[in-house]
Amino acid sequence: MSEIRLGLVVTEFNREITYAMEELAVQHAKDLGAKVVERVLVPGSFEVPLAVRKLLERDDIDAVVTLGAIIKGDTDHDQAIAQQAFRKIQDLMIEYGKPVALGISGPGMTRMEALERVHYAKRAVEAAVKMVRRLRELEGE
């Protein structure tokens, strides 16, 4: 089986959290025998789907991992952002036939809870790698 090539889409909002997620994701990809070939920083979770689309269009990307932290504010804005972003990410995965792993934690979390969930980045990388391998098996590669 050929090497699995990943794209990362990482939010800049709550960067102290997402930076740790990004570094963990890159290292875990290496540990799993995958390679991060592109990293795209976007302002926040609302902008993630557009960057995901651009990466899915590339022939040198087998799967995309999204990383972010949607923290609860004074309103329900976090709920609306998460719902729309998550739905569009799923739609893009189906449209392009390539895995897109959800490593965006939240909504409804505090900053402390988000820090405790940095390891979700590893789960997202694992999901992307597993899906690529399973799809390759289905396709007889």
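Six nonpolar, six polar and three charged residues make up the lining of the largest pocket. Keep in mind that we're looking at a predicted model here.

How much space lies in that largest pocket? About 290 Å³. Of the 15 residues lining the largest pocket, Phe13, Ile70, Ile71, His77 and Ile81 sit closest to its centre. Two elements, β3 (63-71) and α3 (77-96), are the ones that give two or more residues to this lining.

Now for the second largest pocket, with a volume of about 150 Å³. Its lining counts 10 residues, and the closest to its centre are Asp62, Gly97, Val132, Leu135 and Glu139. By class, the lining of the second largest pocket breaks down into four nonpolar, one polar and five charged residues.

Here are the two pockets side by side:

| Pocket | Volume | Nonpolar residues | Polar residues | Charged residues |
|---|---|---|---|---|
| Largest pocket | about 290 Å³ | six | six | three |
| Second largest pocket | about 150 Å³ | four | one | five |

Let's leave the pockets and turn to the strands. Which way do β1 and β2 run, parallel or antiparallel? Strand β1 (residues 4-11) and strand β2 (residues 34-42) run parallel, and eight bridges join them. If you want to find one of these links in the structure, start at isoleucine 4: its bridge partner in β2 is alanine 34.

There's a helix to add to this picture, too. Together with β1 and β2, helix α1 (residues 15-31) makes a β-α-β unit, and that unit is right-handed.

Methods: Residues are numbered from 1 along each chain as its sequence is written. This is a predicted model: local features need pLDDT of at least 70, side-chain atom pairs count only at pLDDT 80 or more; totals for chains, interfaces and linings use all residues. Side-chain values use heavy atoms; hydrogens and water are left out. On a 1 Å grid over the protein atoms alone, a cavity is a set of points where a 1.4 Å probe fits but cannot get out, and a pocket is an open set with protein on both sides within 12 Å along at least five of seven lines; lining residues have an atom within 4 Å of a point. Grid points are joined across faces, edges and corners, and a volume is the space filled by probe spheres set on the points. Helices (H or I, at least four residues) and strands (E, at least two) are DSSP runs, numbered from the N terminus. Ala, Val, Leu, Ile, Met, Phe, Trp, Tyr, Cys and Pro count as nonpolar, Asp, Glu, Lys and Arg as charged, and the others, Gly among them, as polar. Two strands pair if DSSP finds at least two bridges between them. A crossover is right-handed if, with the strands pointing away from the viewer, the path from the first strand over the helix to the second runs clockwise.
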